[in-house]
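Subject: Structure for you to look at

Hi,

Here is the structure I promised to pass on. Have it open while you read, and my notes follow below.

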2 protein chains.
Amino acid sequence: MARIVMKFGGTSVVNIERIEAVADKVKGEVDAGNQVGVVVSAMAGVTNQLVAYVDEISTLYDAREYDVVVSTGEQVTSGLLALALQKRGLDARSCLGWQIPVETDDAHGKARITAIRADRVVEWMEKGKVVVVPGFQGVAPDGRVTTLGRGGSDTSAVALAAAVEADLCDIYTDVSGVYTSDPRIVAKARKLDKITYEEMLEMASVGAKVLQTRSVEMAMKHEVRLQVRSSYSDEPGTLVVGEDEIVEQELVSGITCSRDEAKITLTCVADRPGVAATIFGPLADAAINVDMIVQNVSADGKSTDLTFTVAEADREKAVQTLKAEKSELGFLEILSDSDVVKVSVIGMGMRSHVGVAQKMFSALADKGINIQVISTSEIKVSVLIEEEYTELALRALHHAYGLDAK
Amino acid sequence: MARIVMKFGGTSVVNIERIEAVADKVKGEVDAGNQVGVVVSAMAGVTNQLVAYVDEISTLYDAREYDVVVSTGEQVTSGLLALALQKRGLDARSCLGWQIPVETDDAHGKARITAIRADRVVEWMEKGKVVVVPGFQGVAPDGRVTTLGRGGSDTSAVALAAAVEADLCDIYTDVSGVYTSDPRIVAKARKLDKITYEEMLEMASVGAKVLQTRSVEMAMKHEVRLQVRSSYSDEPGTLVVGEDEIVEQELVSGITCSRDEAKITLTCVADRPGVAATIFGPLADAAINVDMIVQNVSADGKSTDLTFTVAEADREKAVQTLKAEKSELGFLEILSDSDVVKVSVIGMGMRSHVGVAQKMFSALADKGINIQVISTSEIKVSVLIEEEYTELALRALHHAYGLDAK
């Protein structure tokens, strides 16, 4: 017997037929003797419709009212699933964000959960009641409805799992787990049995859209064991767990790519202390997130070129922001390029093994792929390359690190 | 300066364009110096969709979960209207049923409002804030969401108006007021400037679907002045008020018809004390509402015929219920007929004037219309006639009582 939180995303509850299928899955866990809590998203498409209504009225909306509108989708699903569970003879009830309560800060539209008062939920679960909680929603200190930002239902599920001290948090989705690479590009990609929180975080932040980043951070912090699995089958998925649970650590766990990148270069920037701060200050003020940064060694000791990447959506804004400060910043030219992709190699193993980055560089060189920018973290090496080489690079790296399925 | 509650139904908020138009109307009242509270229905069609989802899962649903699902439509509209009002520079916010709170009993799906704690709302209104309240919803003593039954937003509006001691509760709808008769049938029907609560109640209960019956009862109890008016124009509508506000009382205010009637006759029923109770007991047990009842004088002192009406939807059930008890009840035959219509003449004036009923009977006789059953109340005379005479009867009565527009 275990205590489980099951989370179902929008495609898993897209219509009544799928909600009935979800109810069957939940009943399966209850029949197996488990205590079950469920977190649900809105039926796929519903939240988009609600957001479109808000945008039609005003793009400069009051986020408190936005939350009142968009939080309803999950509420509908929670009631419907509770009904479908009752039809199967289960003792089930919905419990809304403000009813539990799921307490958040007051950052409407992207609120953070501060506490879940789960005593009552635990009591119900111990009595065999299935509690269905709408994801994505909470309540601010002043009693108004909040939402956690898109994809926030993952975070709701992990937070609930932490609050009820669940043995496992199953994230049901439309993929069967976490893969070594995108199977649509790399045919030989394999589903991973296990992956560490740290690796999953790097995967999530570089474009493997399986789990919301914040949900993984929260799982890591509270040591919630996560499982990413398919709502269309009963196969086990991928466990996201602490390092200690993984006996044989692979050198590299995944190869990912992110196309949502733009490269910006400032030429002939003065090579003196403080210049980077001068440049990145205005970007930070404009809420533009800068990712990779490279500053060339100065050839003449006076000026240098500075290259960095931003999200493609921020490219134009970044260029305009810097142009407006040109006299202040003192650069010659500003160049930008969207035909780039960030390819990353991720693995806990690289902390203890040398040569992981070198293997990446030579595998790409063998295919004649030019590396424009490099950045590294403890468990990740990322390179920026020309976008048309994306597929070639992913397959070459997948093979080079021995990840190909047999 | 006045304190006003404005209520907008589903067709008035069917899309963003109409919500913007509603916002303009609200702004008009604020600009005129009034304190305004607003109650909104779900966008037309939304509640039906939500009910259909519930029915698709189970027709024997848990009304508590039904309420969680169907209450969301109004919540969406309240947030959207608050945003549209803010766009117009107004200080506006939504306030959900559980936030105010609108306290109800726990009769989920058809809950009754027990109290509205409106101190905070009054404070906001006095500061010029427009509070937008989703109609139809409340919160039960145990903190779960309740709904008031279909059309319940009228009741929400009246209850809010009573709680904030509003000077007027404007019910905006797709008709421009209360008419002396159905204008689709009686071309010369006139919009009434004023009507009493009592008359409106009789109108509502016999098929003039302008206001939910319960909302009128509540308005009468709390002396809330109601106005039924069009959301498509700025013309004044019909005031529903206490008798003392109406200086010159018309003899008859309206002629209505209800087609949703079925007539049932039991022949040769024993003419002895208690027989009526014996017959209507089983119907009451089966939750069948009996309306008009006529028992003929017995010709032989031993048996008589008994005729009554029920809602058409209950006809078959009523017949089956009585047939099952035939040996117990002791009647000869059971006859039923759906080709009947109930036509009613309604007016406060008939309390102090004789001959109102007589005028009805002779007007119908003049047109050769046979009266099958008659029932009367203090301010209403109703007759059951053959359905094909409906239009003829309405026009004849409208003319006979001098209601025709000039």
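A quick one to start with: which residue in β16(B) is the bridge partner of B:Thr265? The partner is B:Thr307. Before I go on, please keep in mind that this is a predicted model.

**Strands in chain B**

That pair belongs to a longer match: β14 (residues 261–270) and β16 (residues 303–311) of chain B run antiparallel and are joined by 8 bridges. β16(B) has another antiparallel partner in β15 (residues 290–295) of chain B, this time over 4 bridges. There, B:Ile293 stands opposite B:Phe308.

**A sheet in chain A**

In chain A, have a look at the open sheet of 4 strands, ordered β13-β18-β20-β19 and paired antiparallel. The edges are taken by β13 (254–258) and β19 (373–377); each has a single partner strand, so one side of each has no neighbour in the sheet. On average, neighbouring strands in this sheet are turned by 20° against each other, ignoring direction. Further in, β18 (residues 340–346) and β20 (residues 380–386) of chain A pair over 7 bridges, again antiparallel. If you want a spot to zoom in on, A:Val341 has A:Ile385 in β20(A) as its bridge partner.

**How the two chains sit together**

Chain B superposes on chain A with an RMSD of 0.3 Å after a rotation of 179° and a shift of 0.1 Å along the axis. This is the relation of a two-fold axis. Both copies use the same surface, since 100% of the contact residues of chain B recur in chain A. Within chain B, the residue that comes closest to the rotation axis is B:Thr72, whose C-alpha is at 2.7 Å.

The contact itself takes 27 residues from chain A and 27 residues from chain B. On the chain B side, α2 (46–57), α3 (63–70) and α4 (72–87) each supply at least two residues. α4(B) gives the most, with 11 residues. By type, the chain B side divides into 14 nonpolar, 9 polar and 4 charged residues.

**Cores**

The largest nonpolar core has 231 residues, and the members that touch the most others are A:Leu81 and B:Leu81. If you skip neighbours within four places in sequence, B:Leu81 is in contact with B:Ile19, B:Val22, B:Ala23, B:Val38, B:Val40 and B:Val132. There is also a second, separate core of 12 residues, including B:Ala262, B:Ile264, B:Leu283 and B:Phe308. You have met B:Phe308 already, as the residue opposite B:Ile293. As background, nonpolar side chains in soluble globular proteins tend to be buried together.

**Two helices worth a click**

Helix α2 (residues 46–57) of chain A contains A:Val51. Is A:Val51 buried or partly exposed? A:Val51 counts as partly exposed, because it has 16 C-beta neighbours inside 10 Å, and buried would need 20 or more. A:Val51 and A:Val70 are 19 residues apart in sequence, with their C-alpha atoms 6.5 Å apart in space.

The other helix is α8 (residues 213–222) of chain B, where B:Arg214, B:Ser215, B:Val216, B:Met218 and B:Ala219 are buried. Just after α8(B) comes B:Glu223, with a positive phi of about 55°.

Shout if anything is unclear when you load it up.

Cheers

Note on methods: Residues are numbered from 1 along each chain as its sequence is written. Chains are lettered from A and ligands numbered from 1 in the order in which they are written. This is a predicted model: local features need pLDDT of at least 70, side-chain atom pairs count only at pLDDT 80 or more; totals for chains, interfaces and linings use all residues. A nonpolar core is a set of buried Ala, Val, Leu, Ile, Met, Phe, Trp, Tyr and Cys residues joined through C-beta atoms within 7 Å. Two residues are in contact if their C-beta atoms, placed from the backbone, lie within 7 Å. Ala, Val, Leu, Ile, Met, Phe, Trp, Tyr, Cys and Pro count as nonpolar, Asp, Glu, Lys and Arg as charged, and the others, Gly among them, as polar. Two strands pair if DSSP finds at least two bridges between them. Axes are lines fitted to C-alpha atoms, for helices over the stretch in contact, and angles run from 0 to 180 degrees between N-to-C directions. Copies are superposed by least squares on the C-alpha atoms of residues with pLDDT of at least 70 in both.
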